[in-house]
Amino acid sequence: MLILGLDIATTTGFAWYEPGSPLASIKTGLIKAVGDNAEEKAASLAQQLVAMFKAGRPDFVSIEQPMRNVVSFKKTRQTLAGPVDEQTINPNALQLEGLVCAAVAIIAAYRIPWETIPSATWRKHFLGMGRSPGFDRAAWKRAAVDRCRAFKIDVKNADAAEAVGIAIAGEACQRFKMMRQGVAA
């Protein structure tokens, strides 16, 4: 059974993993969503997934779950009258959810079973720790690349390395285990 792991973002990392095969046999790559706005980027990602599935279909897809809470923060903006505090959000967080939904729509249209996996869950499974004080985004990405190198998995960048972790964690998903046993999920 072939698992496709996806670390979805404007640059989406992907990894093809066949449980039971040597980890060094994992194939990775990147998809770049292009467009001037969130909708065009979602369409671009969807079209590239369709092309990927025409070349070879996975049996299961594991996807990093986007953050469910959009965090707001204070931002100070300079105006002619002086500094003004505003409450705002990171618009990329909203765009990410749209990209994940576009991918899930294509995956579901192909009737491929899928699961979203929280980052702390796949990191615990792949890196041995789901949370670590002092680890920032760059440290997590570096840890994923280092782990892939230790397993001799060829990765082009951190997005592909994280997709490897997501794919490997997909094997531990309840839905995948049931599928493997021939039980309807």
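Contact here means heavy atoms within 4.5 Å. The model shown in these views is predicted.

**View 1. Overall fold of the protein.** The protein contains six helices and seven strands. Starting at the N terminus, the order of elements is β-β-β-α-β-β-β-α-β-α-α-α-α. The C-alpha trace spans about 65 × 35 × 30 Å along the principal axes of the protein. Of the contacts with a separation of 6 or more, 59% are between residues 24 or more positions apart.

**View 2. Surface and charges of the protein.** The protein has 185 residues, and 41% of them are buried. The exposed area is about 10200 Å², with 54% supplied by carbon and sulfur atoms. There are 23 positive and 17 negative charges, and the mean positions of the two sets lie 4 Å apart.

**View 3. Packing of helix α4 on helix α5.** Helix α4 covers residues 137-150 and helix α5 covers residues 158-170. Their axes are 8 Å apart and the packing angle is about 70°. Angles of 65 to 115 degrees count as roughly perpendicular, so α4 is roughly perpendicular to α5. On the α4 side the contact involves Trp140, Lys141, Ala144, Val145 and Cys148. These residues meet Ala158, Asp159, Ala161, Glu162 and Val164 of α5.

**View 4. Surroundings of alanine 158.** Alanine 158 is located in helix α5. Its relative accessibility is 18%. Buried means under 20% relative accessible area, so alanine 158 counts as buried. With neighbours within four places in sequence left aside, alanine 158 is in contact with Lys141 and Val145. Both Lys141 and Val145 are also among the α4 residues that meet α5. Aspartate 146 is twelve residues from alanine 158 in sequence, and the C-alpha to C-alpha distance between them is 9.4 Å.

**View 5. Packing of helix α3 on helix α5.** Helix α3 consists of residues 119-127 and packs against α5 at an angle of about 90°. The axes of α3 and α5 are 8 Å apart. The two helices are therefore roughly perpendicular to each other. From α3, the residues in contact are Trp122, Arg123, His125 and Phe126. From α5, they are Ala161, Glu162, Val164, Gly165, Ile166, Ile168 and Ala169. Ala161, Glu162 and Val164 of α5 appear in this contact and also in the contact with α4.

Terms used:
Residues numbered from 1 in each chain as written. Predicted model: local features only at pLDDT ≥ 70, side-chain atom pairs only at ≥ 80, totals over all residues. Heavy atoms only, no water. Helix = DSSP H or I, 4+ residues; strand = E, 2+ residues; numbered from the N terminus. Buried < 20%, exposed > 50% of the residue type's maximum accessible area, 1.4 Å probe, protein only. Areas by Shrake-Rupley, 256 points an atom, 1.4 Å probe, with all protein chains shown as cover. Lys, Arg positive; Asp, Glu negative; His and termini not counted. Charge placed at Lys NZ, Arg CZ, Asp CG, Glu CD. Axes fitted to C-alpha atoms, helices over the stretch in contact; angles between N-to-C directions. Parallel < 35°, antiparallel > 145°, perpendicular 65-115°, else oblique.
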